[in-house]
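Reader: I am new to this structure. Please pick one part and take me through it closely, step by step, along with whatever it touches.

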Amino acid sequence: GKNVILKNIYFENNKFDLKAESKAELKSLIDFLTINPTISIDIQGFTDNVGEDQINQCLSENRAKTVYKYLVDNGIKVVRLKFTGLGETKPIADNSAESGKATNRRTEFVIIGL
């Protein structure tokens with residue numbers, strides 16, 4: 001039930017297309033899920049507080065869905081995955097500083113089944 005931050009998942013600003021440098025981190029996640037075939041996860045997307053709440057919510061959901069789709073496209077079964085966008089609702093750093101905003105723009109997963 002503990003959240004794991006995927007530290008090297010990158011998207012263009014205000015977009016949900018994965019950058020190429022995200023693939024190494026995603027390969028590690030695919031390897032983990034392959035080695036542990038009974039684990040199910042919820043992929044969660046987050047944003048900083050810049051922009052409208054509704055737009056951030058949509059962006060975070062689309063980013064989580066992009067990671068979900070990447071995993072499915074690389075052999076992880078749909079029944080093992082869920083995706084959730086949480087927008088700016090759960091910051092883990094101070095949004096008044098650029099470094100905090102960067103930290104809050106993140107993708108995590110939580111194990112939801114064994």
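**A charged pair and its surroundings**

Author: Start with Asp48, which is buried, its relative accessible area being 7%. Keep in mind that this is a predicted model. What does Asp48 meet in a salt bridge? The partner is Arg105, and their side chains come to 2.5 Å, N to O. This pair links distant parts of the chain, 57 residues apart. Arg105 sits in the loop between helix H3 (98-104) and strand E4 (107-113). Asp48 sits in the loop between E2 and H2. The two ends are not covered alike. Arg105 counts as partly exposed because its relative accessibility is 36%, between the cut-offs of 20% and 50%. Asp48, at 7%, falls under the 20% cut-off, so Asp48 counts as buried.

Now step back along the chain to E2. This strand covers residues 40-45. Is E2 enclosed or open? Of its 6 residues, 6 are buried, so E2 is largely enclosed by the rest of the structure. Both faces are covered. Ser40, Asp42 and Gln44 are buried on one side. Ile41, Ile43 and Gly45 are buried on the other.

Which strands pair with E2? One is E3 (residues 81-85), in the parallel sense, over 5 bridges. Along this pairing, Asp42 stands opposite Lys82 in E3. The way from E2 to E3 leads through helix H2 (residues 53-73), a right-handed β-α-β crossover. Further along the same two strands, Gly45 has Gly85 of E3 as its bridge partner. E4 is another partner of E2, this time antiparallel, over 6 bridges. Here Asp42 stands opposite Val110. Asp42 therefore has Lys82 in E3 and Val110 in E4 opposite it, and Asp42 is itself buried.

Return to Arg105, since it also belongs to the largest pocket. That pocket holds about 310 Å³ of space. It is lined by 18 residues, and Arg105 is among the closest to its centre, with Ile9, Tyr10, Ala102 and Arg106. Which elements give two or more residues to the lining? They are strand E1 (3-6), H2 and H3. The lining is mixed by class: 8 nonpolar, 5 polar and 5 charged residues.

H3 has a salt bridge of its own. The side chains of Glu98 and Lys101 meet there, at 3.7 Å from N to O. They are 3 residues apart in the helix, so about one helical turn separates them. Their accessibility splits them. Lys101 counts as buried because its value, 15%, is under 20%. Glu98 counts as exposed because its value, 56%, is over 50%.

For a contrast, look at H1 (residues 23-35). Lys27 and Asp31 both lie in this helix, 4 residues apart, about one turn. They form a salt bridge, with the closest N and O atoms 3.0 Å apart. Lys27 is partly exposed at 49%, and so is Asp31 at 33%.

How many salt bridges does the whole structure hold? The search finds 5. Among them are Arg105 with Asp48, Lys101 with Glu98 and Lys27 with Asp31. Why can such pairs form at all? Side chains of opposite charge can pair when their charged atoms come close.

Technical notes: Residues are numbered from 1 along each chain as its sequence is written. This is a predicted model: local features need pLDDT of at least 70, side-chain atom pairs count only at pLDDT 80 or more; totals for chains, interfaces and linings use all residues. Side-chain values use heavy atoms; hydrogens and water are left out. Two strands pair if DSSP finds at least two bridges between them. A crossover is right-handed if, with the strands pointing away from the viewer, the path from the first strand over the helix to the second runs clockwise. A salt bridge is a side-chain nitrogen of Lys or Arg within 4 Å of a carboxyl oxygen of Asp or Glu. Buried means under 20% relative accessible area, exposed over 50%, partly exposed in between (1.4 Å probe, protein chains only). On a 1 Å grid over the protein atoms alone, a cavity is a set of points where a 1.4 Å probe fits but cannot get out, and a pocket is an open set with protein on both sides within 12 Å along at least five of seven lines; lining residues have an atom within 4 Å of a point. Grid points are joined across faces, edges and corners, and a volume is the space filled by probe spheres set on the points. Ala, Val, Leu, Ile, Met, Phe, Trp, Tyr, Cys and Pro count as nonpolar, Asp, Glu, Lys and Arg as charged, and the others, Gly among them, as polar.
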